[in-house]
Amino acid sequence: MEVAFGLLALVAIVCACSALGQRINISVPLLLVLAGVVCSFLPFVPTIELNPEIVLVGLLPPLLYAAALQTSLFDFRSNRRSIGLLSVGYVIFGTVSIGLVVAWLFPEIPLAAAMALGAVVAPPDAVAATAIARKVGMPRRVVTILEGESLVNDATALVCLRAAIAAIAGAVSAAEIAGGFVLAAGGGVAVGVAAAFVLTALRKRIRNVAINTSTSLIAPLVAYLPAEAIHASGVLAVVVTGLIMGTKAPSMPNGAARLSQRSNWHTVQFLLENSVFLLIGLQVRTIIEGVRDDSLGPERIWFGCAAVLLAVLVLRPVWVFPATYLPRLIPAVRRKDPAPPWQFAAIVSWAGMRGVVTLAAVLILPAELEHRSVLILMALVVVAGTLTLQGFTLPALVRLLHVKGPDPREDALNEASLMQMATAAGVQRLQELRSDADPPEVVAMLKRRTQERGLAAWERLGRPAAEAATPSQRYAQLRLAMLDAERTKVLELRRGGGYAHEVLVNVLDRLDVEESMLDAALEEPDGGSGGEGIARPRGVCPHLESAPDLTVPSGPFCEACEREGTTTVHLRMCLQCGNVACCDSSPGTHAYKHFQLSGHPVMRSAEPGEDWRWCYPDELLG
């Protein structure tokens with residue numbers, strides 16, 4: 001009964017704090033940590049001991065798998081150097097550096113135990129990093145690097161921790177440590193690839209949605225357990241499996257299973273990652289009480305905790321800035337990947353929050369280790385300090401450095417363009433498959449519904465949210481009202497008892513599916529702090545009306561990208577001077593820079609099959 005009540009209280013607090021944090025615009029992870037701290041000192045709350053096995057096997061694999069499912073394998077691959085330098089290089093650097101600091105502050109603590117603490121506090125937490133990054137709205141590349149780092153660095157840290165614990169128990173050679181790294185990395189990747197291959201083959205053949213979704217839910221353990229059994233990195237195996245499965249999922253059959261997987265993993269991730277922060281706070285009282293009788297003395301212990309926290313905060317930028325710019329001294333690297341602004345490196349340096357994995361890993365230290373409670377307290381101080389100092393100040397730092405996240409208007413333009421190309425492909429396939437025997441009204445209906453879906457994306461671009469709803473939105477509003485009436489009628493007939501339960505459920509399910517599809521049409525894109533739509537101005541734009549109709553040259557390219565060696569994502573052409581430049585999704589953002597320098601107000605897409613225009617001063621689509 002106590003376990004059931006504890007789980008109920010855990011879920012209730014998580015849901016309440018999440019709703020409150022979103023309502024008052026406070027970081028939910030930080031609010032949950034504070035709630036956990038308060039609960040830990042309440043007399044009626046029992047002592048909750050954090051079992052490292054539960055965290056490292058029950059929480060970490062599904063959390064990493066859920067994060068990996070949402071991470072682009074292509075983005076991960078394109079940023080592999082930066083991710084590798086942080087997830088491997090920085091963790092090793094932090095392990096050794098923190099270990100030396102602890103050994104210097106406390107000569108009574110063995111060097112191997114100090115190195116074990118270094119391995120514990122070195123890796124930023126996957127949950128903390130992604131939760132804060134999503135709220136702040138960082139540039140996509142920064143978020144990709146932070147997410148990639150947090151997915152892989154736990155594997156490096158756990159290998160370092162195992163080596164340190166082995167050194168505590170007895171002698172361990174450099175060759176054994178190197179061999180452990182090779183086995184952990186190579187074995188983890190191999191098991192991850194094999195698990196993804198087996199799971200993909202199974203899910204392609206399973207048509208039942210419940211069984212297919214259940215197979216997805218056990219995927220983290222399918223990868224983790226075999227890897228750990230051969231002493232490889234189970235964490236790395238889970239990440240590799242998640243990255244591959246996330247990439248392959250859209251191309252797998254059974255759309256209902258894909259929707260079910262997405263919905264279920266979203267719920268699992270919400271509950272687990274928020275429970276993690278609450279568990280961190282609940283450990284505070286127990287850990288503080290554990291150091292009261294330690295021979296090192298309270299003043300020395302707390303001073304050492306503060307010094308370790310300071311070292312953790314300082315060592316990250318010491319590594320990040322050289323790791324960002326030194327490789328680009330090589331001409332080949334610089335041409336392929338120009339140096340990012342220093343603001344990006346500053347944000348990555350400060351986005352180093354630690355989380356529950358740090359606390360779980362430090363509890364693995366041998367129970368007979370002298371001053372073990374002091375090492376646990378140091379880990380807690382690092383977790384609480386980084387979550388508080390960096391978590392609270394990171395949004396302000398992003399604003400202070402004038403670093404902007406993805407432009408919702410540019411994203412909406414790209415979404416509409418992508419939908420247009422997908423619609424064209426669908427209509428072309430329809431023309432290939434149709435036959436003389438097909439009823440003309442069926443073909444016309446298919447074409448109309450497909451084209452209306454693509455047009456709805458363009459409608460959302462050209463009208464402010466404050467004005468009347470677009471045709472597609474009005475359709476959704478009216479159809480939702482009709483569905484509500486239809487559902488009311490079905491429920492009324494259900495009370496009469498004239499229809500079988502299975503028949504009623506099938507009808508209600510179909511209504512629910514259609515309603516879920518219509519809900520997306522009513523969601524307005526975020527236009528910025530003012531809460532306005534993408535196209536803010538009302539009325540007619542004189543710039544769009546007076547802009548000349550220039551023809552896009554054949555074989556257009558961005559000269560500035562060619563000159564600077566940067567990558568072009570999409571092309572835009574100025575309608576006043578004909579300058580062709582790259583879009584805001586490109587690293588160079590040369591089209592916008594051209595507008596800033598020249599003042600030419602209107603550009604158009606220079607991509608094949610696209611003829612839309614955009615007014616920079618009025619931020620209006622034409």
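What span should the 23 residues of helix 1 (residues 2-24) have at 1.5 Å a residue, and how far apart are its end C-alpha atoms? The expected span, taken as 1.5 Å times one less than the number of residues, is 33 Å for helix 1, and its end C-alpha atoms are 32 Å apart, which agrees. The model is a predicted one, in which local features need pLDDT of at least 70 and side-chain atom pairs count only at pLDDT 80 or more, while totals for chains, interfaces and linings use all residues. Residues are numbered from 1 along each chain as its sequence is written, and side-chain values use heavy atoms, with hydrogens and water left out.

A general view of the chain helps to place helix 1. The protein chain has 26 helices and five strands; here helices (H or I, at least four residues) and strands (E, at least two) are DSSP runs, numbered from the N terminus. Of the 622 residues in the protein chain, 47% are buried, where buried means under 20% relative accessible area, exposed means over 50%, and partly exposed lies in between (1.4 Å probe, protein chains only). Contacts, defined as heavy atoms within 4.5 Å, often link distant parts of the sequence: among those between residues at least 6 apart, 75% join residues at least 24 apart.

Back in helix 1, the buried residues are Val-14, Cys-17, Ser-18 and Gly-21. Their cover includes helix 2 (28-40) and helix 13. After helix 1 comes Asn-25, whose phi is positive, near 60°.

Helix 13 (residues 255-282) also meets helix 10 (residues 209-217): their axes come within 9 Å and cross at roughly 45°. Axes are lines fitted to C-alpha atoms, for helices over the stretch in contact, and angles run from 0 to 180 degrees between N-to-C directions. That angle makes helix 10 oblique to helix 13, since angles under 35 degrees count as roughly parallel, over 145 as roughly antiparallel, 65 to 115 as roughly perpendicular and the rest as oblique. The crossing is right-handed, meaning that the near helix is turned clockwise from the far one by less than a right angle, with anticlockwise giving a left-handed crossing. Helix 10 contributes Val-209, Asn-212, Thr-213, Ser-216 and Leu-217 to the contact, and helix 13 contributes Ala-256, Ala-257, Ser-260, Gln-261, Asn-264, Trp-265 and Val-268. By class, this contact has six nonpolar, six polar and no charged residues (Ala, Val, Leu, Ile, Met, Phe, Trp, Tyr, Cys and Pro count as nonpolar, Asp, Glu, Lys and Arg as charged, and the others, Gly among them, as polar).

Trp-265 turns up again around Pro-62. Pro-62 is found in helix 3 (residues 52-69) and is buried, with a relative accessible area of 12%. Leaving aside neighbours within four places in sequence, Pro-62 is in contact with Val-57, Pro-220, Trp-265 and Leu-272. Although Pro-62 and Leu-221 are 159 residues apart along the chain, their C-alpha atoms are separated by 8.0 Å.

A second helix pair is formed by helix 6 (residues 111-121) and helix 19 (residues 372-400), which pack at an angle of about 25° with their axes 10 Å apart. These two helices are therefore roughly parallel to each other, and their crossing is right-handed. Ala-113, Leu-117, Val-120 and Val-121 in helix 6 meet Leu-375, Met-378, Ala-379 and Val-382 in helix 19. This contact has eight nonpolar, no polar and no charged residues.
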